[in-house]
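I opened the model to look up its sheets, its pockets and a few backbone oddities. The notes follow in the order I took them.

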Amino acid sequence: MAERSTAAVDVADNSGDEPLTAQAAQATSDGVDTQNGRAADGPMPDKDGERTNAAPAAAPELHSGHKLARRYRLEECVTRVDGFSSWRAMDEKLRRAVGVHLMPADHARARSVLAAARSSALLGDPRFVQVLDAVEENDVVYVVHEWLPDATELTALLAAGPLEAHEAYQLVSQVSQAMAAAHREGLAHLRLTPSAILRTSTGQYRIRGLAVNAALRGITSETPQRADTEAIGALLYAALTQRWPYESDAYGLAGLPKGVGLIAPDQVRAGVHRGLGELAMRALANDGATASRQEPACTTPDELAKAVAAMPRIRPPEPAFTAPPEYQHTTYQQGNYGRPTPPGVNTAQVRPVVPPPPPLQSRTGRALKWGVAALLIAALGLGSWQLADTLLGRTSQQGNSGTSNNTKPGTDDNPKQPERTELAIKGAAEYYPDEKPQDLNGVSKAYDNDSNSFWRTYRFDDGPDMGAFKEGLGLVFDLGEEQKVSAASIALKYEGDHTTATLYAAPSLSSSTPIKSMKQIATGTTKEKQLELATETPVTTRYVVLWLTAMPMGPASEFSAAGFKQGISNVVFSRIS
C-alpha cells in the first residue's frame, strides 16, 4: 500500500483530537474513534453549522485497482466512514494523482454532494483545491479533485510549533481573501479546520473541500459567513499559540483551560504579535467575547480581509547569522600532538623570537649589494627607453593615419564591456491585488523560452493606458534565492501604441502586498515587441513583480476579440557586473 500523502482529502482524517502531550486515541481503519464512538476528524463547535443526520447507507464496496469511468484507478483508501469513502487514485488519461470521494447514489446526501461539487468547480479560483469531476454512474456518486503531494497540512505545521508572525500574517491574509471571494459567489466552506488548509512549497496557502466537505457530513448553517469567519479566527489563534481556542482538544492541539472562556493569545503564550492577536479576537468575538481595544468584531471574511490589509505589513524574519569561532592553535600545530600536558602547565606556548640575520658587512656582501644596484639601474633605464620608443611610434602612426587601431580591450581607449549574468527563474504566479486574475494556467509560458507560447491578458476598450480600466496587472517571479537584479529582457506578443512595464522588488509570491509599498527597480516604455529594462544600481531581492500599466491595440485571436491587450512570451532577468 502506498504511503499516505499530506495532501490527502479532509473528510475524516485522524489528525488528532488529543493535545500534543496526550496519548492519541486508537482509531479503526474507517476513521472512527473507538474510544468515543465518533469520526476522528474532531468536533467542530455547534455554532459552525448544524449537522443533519442522514439515513444509514453502506459505502460502496470497492477495492484498490477498481476503475471509474475507465479512467480513475483507485489506489489507496484514505477513509471509509458515515456512508462514504475517500481514495487516492490515478488519472490514467492524464497520468496524475487525484483524490476521489465515493458514496452510493441512494445516499441521503448524494444529491447535495453533487450540487456542492459542481458549484465549487465553477468558481475556478486557484486558491482552492479544484474539483475536476462530479459524476453519478452505476449506482455510485463520485467527486474527483486535485491531489497536492508536495503540500503540507496546517495540522503538521502546528505540530512542530506555533508559526512566526510573518507566516501567520500570510495565512490569515490569503485564507480570508480567498473565502471573501467564495462568499461573493454564494459558496461557503463550514469545515475550515487545520486539516483543510495546505501550504505549498512556494509559500501559498490553498483551501480544500469548499462546500463539498460540509455536504459530505450534512453540515448547514443559517449564518455561513459568520461561521467561516470564526473558523479563520480559530486558525489564526492556533497558529499564534499552538492551542485550540475552545475547551475541547482537537486536531492535535490542546484546548483552553475549562471554565475561563476565551482569553487573548498573548495571555496564552508570550511573544505573540499584538496586532495579529487582536485580529484573532475580533474574528472570534462572535459569541460575546470582547475584542481588544474595543474595536468592532469581524463577522464576514470580507471584513476580516480588510482588517488584515489595514494592518502594518509584517516583514519576514532576517536570516540568522552565526559568527565563525575564533581561530585557535591546536596542540598539533604547536608541536605537542600526542604528548600529555603536565598538570599546572599552561598549554599556550611562547614561540622564541628569532633575531634577523646580520646585514652584509663583508667585502663580498658589499660587492653583491653594488652588483644588484647596478642591475636595477640598468633595468630601469632599458624600460624607460622602451616606453619612450613605444610612445614616439604611436604618435608617429597617429600623425600619418589620423586614427589608431592598436587599442586593446580593458584599456582607457577601449573600456571592457560589462558582464551580464542570466538569473534562473524557479517559479512564478499572477499578481492580482484586485482579485481578478488574467491567465492563471499560462503563467509558466512567460518564461519557458518558447516564442510561440505566451501568457495573455484580457482585452479592454479604453487604452492604451489602463487607468480607467484598473491600476495595472502583472506577474511575480521567484528567483529561488536573493539575487542582485540589474536588468530584464521582456519579449512581447503585440506591438504598436506603447507598452509600459515596471519592475518591483516583492516580499513573496502573494498578491496581498500593495504595489505602492514595493521598491521600484526599473521602468520603461516601448512600441516594439521587445522591451529592455535596466537600473544603474542593482536591487537585491528574491521575488520580482513585472507590472503592466499600458498595452497596445491587439488584433482578434482565438482567445479574445480585438482590443487593448498584451501577451508576454518570455522574461529573462540578469545581473550586470
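Before reading any strand partners, I noted the rule in use: two strands pair if DSSP finds at least two bridges between them. The model is predicted.

**Entry 1: overall counts**

I counted elements before anything else. The protein has nine helices and 25 strands. I then looked up burial: of the 577 residues, 45% are buried, where buried means under 20% relative accessible area. For contacts between residues at least 6 apart in sequence, I found that 69% join residues at least 24 apart.

**Entry 2: the sheet of three strands**

I went to the open sheet with the order S10-S11-S12, in which the pairing is antiparallel. Strands S10 (152-153) and S12 (205-207) each have a single partner strand and stand at the edges, so one side of each has no neighbour in the sheet.

I checked the pairing of S11 next. This strand, residues 197-199, pairs with S12 in the antiparallel sense over three bridges. Which residue of S12 is the bridge partner of Leu198? I found Arg206 there.

I also looked for a helix on this sheet. Helix H3, residues 165-184, lies across S11 and S12, and its angle to S12 is about 40°.

**Entry 3: the sheet of six strands**

I then traced the open sheet of six strands, ordered S4-S5-S6-S7-S9-S8, again with antiparallel pairing. The edges are strand S4 (67-68) and strand S8 (131-137); each has a single partner strand, so one side of each is left without a neighbour in the sheet. As a reminder to myself, strands of a sheet pair through backbone hydrogen bonds, either parallel or antiparallel.

At the S4 edge, I read two bridges between S4 and strand S5 (residues 72-81), in the antiparallel sense. One of the residues I looked up was Lys67, whose bridge partner in S5 is Arg73.

Helix H1 (residues 110-123) lies across strand S7 (96-104), S8 and strand S9 (140-146). I noted its angle to S8 as about 150°.

**Entry 4: positive phi in two loops**

Most residues other than glycine have a negative phi. I therefore listed two that do not follow this.

Ala69 has a positive phi of about 55° and is not a glycine. I placed Ala69 in the loop between S4 and S5. Its relative accessible area is 39%, so I entered Ala69 as partly exposed.

Asp139 is not a glycine either, and has a positive phi of about 65°. I placed Asp139 in the loop between S8 and S9. Is Asp139 buried or exposed? With a relative accessible area of 65%, Asp139 is exposed.

**Entry 5: the largest pocket**

I turned to empty space. Rolling a probe the size of a water molecule over the atoms shows where empty space is left.

The largest pocket holds about 1,300 Å³ of space. Its lining has 45 residues, and those nearest the centre are Pro126, Arg127, Gln204, Tyr432 and Leu440. I asked which elements give two or more residues to this lining. They are H3, S12, helix H8 (301-310) and strand S17 (427-431). By class, I read 18 nonpolar, 16 polar and eleven charged residues in the lining of the largest pocket.

**Entry 6: the second largest pocket**

The second largest pocket has a volume of about 800 Å³. Its lining has 31 residues, with Pro316, Ala506, Pro507, Ser508 and Tyr543 nearest the centre.

H3 turned up here too, as one of the elements that supply at least two residues of the lining; the others are strand S19 (473-492), strand S20 (499-506) and strand S22 (530-550). S22 gives the largest share, five residues. I read the lining of the second largest pocket as ten nonpolar, twelve polar and nine charged residues.

**Entry 7: cavities**

How many cavities of 30 Å³ or more does the structure hold? I found five.

I looked up the lining of the second largest cavity, which has a volume of about 60 Å³. The lining residues are Phe454, Arg456, Thr457, Tyr494, Ser557, Phe559, Ser560, Lys565 and Gln566. By class, I entered three nonpolar, four polar and two charged residues for the second largest cavity.

Note on methods:
Residues are numbered from 1 along each chain as its sequence is written. This is a predicted model: local features need pLDDT of at least 70, side-chain atom pairs count only at pLDDT 80 or more; totals for chains, interfaces and linings use all residues. Side-chain values use heavy atoms; hydrogens and water are left out. On a 1 Å grid over the protein atoms alone, a cavity is a set of points where a 1.4 Å probe fits but cannot get out, and a pocket is an open set with protein on both sides within 12 Å along at least five of seven lines; lining residues have an atom within 4 Å of a point. Grid points are joined across faces, edges and corners, and a volume is the space filled by probe spheres set on the points. Ala, Val, Leu, Ile, Met, Phe, Trp, Tyr, Cys and Pro count as nonpolar, Asp, Glu, Lys and Arg as charged, and the others, Gly among them, as polar. Helices (H or I, at least four residues) and strands (E, at least two) are DSSP runs, numbered from the N terminus. Contact means heavy atoms within 4.5 Å. Axes are lines fitted to C-alpha atoms, for helices over the stretch in contact, and angles run from 0 to 180 degrees between N-to-C directions. Buried means under 20% relative accessible area, exposed over 50%, partly exposed in between (1.4 Å probe, protein chains only).
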